[in-house]
Amino acid sequence: MEQRSSSRLLRSENKNKNKSSHGDLTVQEKFPSASQSGPARTMAMTSDDAAGSRERSEGEKETDREEDGGGHGDADVEMVASQGPSPPDGPSGEAEEPTKWKGAVIFLCFYGFMASIKPGEPFITPYLLSPEKNLTREQVTNEITPVLTYSYMVVLVPAFLLTDLLRYKPVLVIQGVSQVVIWLILLLCTGLLEMQFMEFFYGITMACRVAYSSYIFSLVSPALYQRVAGYSRSAVLLGVFTSSVLGQLLISFGEVSFYTLSAVSLGFVSFGLTLSACLPWPKRSLFFNRARLREQKEAAALAARSELDRMNPKEGAASPAAGPSPCWRDSVFVQMLLEVRNVARRPNLRLWSLWWVFNSTGYYLVLFYVHILWNKVYPATENKNVYNGGVEAASTLLSALTSFAAGYVKIRWDVWSELVIAAITALQAGLLLLMGTTDNIWVCYMAYVLFRGFYQFLVPIATFQIASSLTKELCALVFGINTFLGTILKSIINLIFSDRRGLGLDVHAQFLVYFIYYTILTVVYFVCAAVVIVRHYRNQRRGGGGDDLPVASTELRPVAAEAEPLSNGSGAKAQ
């Protein structure tokens, strides 16, 4: 009897080891390499990618089945049927699983579309400067708007960690509540302190957007990440475009007041809050919950070994069980933090990460203050002459087109990245100088639309260059760190130049500061480009045959564009 029990325990221990090896597959999933990628926002996949993704999805399916004890109830919400052969689950399981994940993705995209519809958002600054609120331009510029950056910086890291720990849905609900509070304050309050609280809640809303960007990946297997990421991002862009057009139509042709437009926006965000409460609750996340599951498996294996040692004391004495390793060192999140050090040693990842930090800083500063600039260049006496919504709609459309066009650029990015970045940054610097000096509102509008289009052209390239060689866990962490560093830099610039406690510059002077900032970046990028190009041709002459190297094309995928939750957007506070 003791021998039978011992053999049964040994078989159980081997099963647990096999289970933990299956579970580790999900942590090591990689983004597709650059040579295997397809055009931006296309749904086509190469046969190699499909095969690799199919194998990864098989591993995750097996892992989730083991974690759920072999059940198929809640797992159907988060897993999908692979296009390749799968273990036979029965006719009903095969029919229900695609239906469930498709329904969850469609509902999430509908939520993303509705949560983006806020027709009054492009007109918040004119509303604050209108007689209804009776705030001065100096108060809005130097005392109200800077609060947004400070709030975003403080809330970003907790939002990033809570998104993973609480598994997305609670953070989306918090975002919805913040949106409702914003529009209630705009409708019911008029004082300076209340408007500062409004900007504080806007910072919470912006920080919580990371939950929507990553939620979609918890619903499906890796084989469908690229496709569903494109769906979710397209839903948000369509919602922002629709919101801007609707707001402009109501202002120009409906002749509604800013107060009425804010009430309409409150209705839409309240509906979005209701939808967020109805979202399915994912079971998986990137860092904390997977680490907890692994610890549970290790504890079960250790308990089985201890029982075996009690039944066979001689074998237990000969091969004592190893003590548990420090849990904090073995956690996925800590391992990812240690891996971040290697990112800084890789020139391509370092370049695009630095571009993300410095250029996104300037981009968002422009978005935060451009509406104040428009009001100063053209202080419209009637609401119907304010065209903020139309300009935001045009810039969103151009941003989508330039992001799509970036997928068809085929150059050697390891050689020409710095030069392309320098040229586009120089163009943006020129546009900022034009915006800061012109007295023509239409020239200012056009310069802003082009400025956003140039930035959005580089965003999918940057995300692809960073994400293509990282696991999805490390990719999320790197983008989070880049965004946080950019937010710190924004706060420092705001505190020095915009805040009343600093220099407190007016909006025209601030845009000249942004022009100088972009000019410095341009010079640095051109110097780096010269160094890289000279080094490349020098090595080519020494080694020979360099011209025969294949051209590394930039063929972007929606998953790369989706990895950045905060930069592809439409307005100062829309994205």
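## Surface patches and positive-phi residues

At 67% relative accessibility, Arg-541 counts as exposed, because exposed means over 50% relative accessible area. This is a predicted model. Arg-541 sits in helix H21, which covers residues 507-543. Together with Arg-535, Arg-538 and Arg-542, Arg-541 forms a positive patch on the surface.

A nonpolar patch also lies on the surface. Its members are Leu-238, Phe-241, Val-245, Leu-249, Phe-253, Leu-397 and Leu-401. Their accessible area together is about 670 Å². Helix H10 (225-252) and helix H17 (388-406) are the elements that each give two or more residues to the nonpolar patch. H10 supplies the largest share, four residues. One residue of the patch, Phe-241, is placed in helix H10. Phe-241 has a relative accessible area of 31%, so Phe-241 is partly exposed.

Where do positive phi values occur outside glycine? Tyr-168 is one such residue, with phi of about 75 degrees. Glu-255 is another non-glycine residue with positive phi, here about 50 degrees. Tyr-168 lies in the loop between helix H6 (137-165) and helix H7 (169-188). Glu-255 is in the loop between H10 and helix H11 (258-277).

Is Tyr-168 buried or exposed? Tyr-168 is buried, because its relative accessible area is 4%. Glu-255 is exposed, with a value of 58%.

| Residue | Relative accessible area | Class |
|---|---|---|
| Arg-541 | 67% | exposed |
| Glu-255 | 58% | exposed |
| Phe-241 | 31% | partly exposed |
| Tyr-168 | 4% | buried |

Note on methods: Residues are numbered from 1 along each chain as its sequence is written. This is a predicted model: local features need pLDDT of at least 70, side-chain atom pairs count only at pLDDT 80 or more; totals for chains, interfaces and linings use all residues. Side-chain values use heavy atoms; hydrogens and water are left out. Patches are made of residues with over 30% relative accessible area and no salt bridge: like charges are joined within 9 Å, nonpolar side chains (Val, Leu, Ile, Met, Phe, Trp, Tyr) within 5 Å. Accessible areas come from the Shrake-Rupley method with a 1.4 Å probe; for residues, only the protein chains shown count as cover. A salt bridge is a side-chain nitrogen of Lys or Arg within 4 Å of a carboxyl oxygen of Asp or Glu. Lys and Arg count as positive and Asp and Glu as negative; His and the chain ends are not counted. The place of a charge is taken as NZ of Lys, CZ of Arg, CG of Asp or CD of Glu. Buried means under 20% relative accessible area, exposed over 50%, partly exposed in between (1.4 Å probe, protein chains only).
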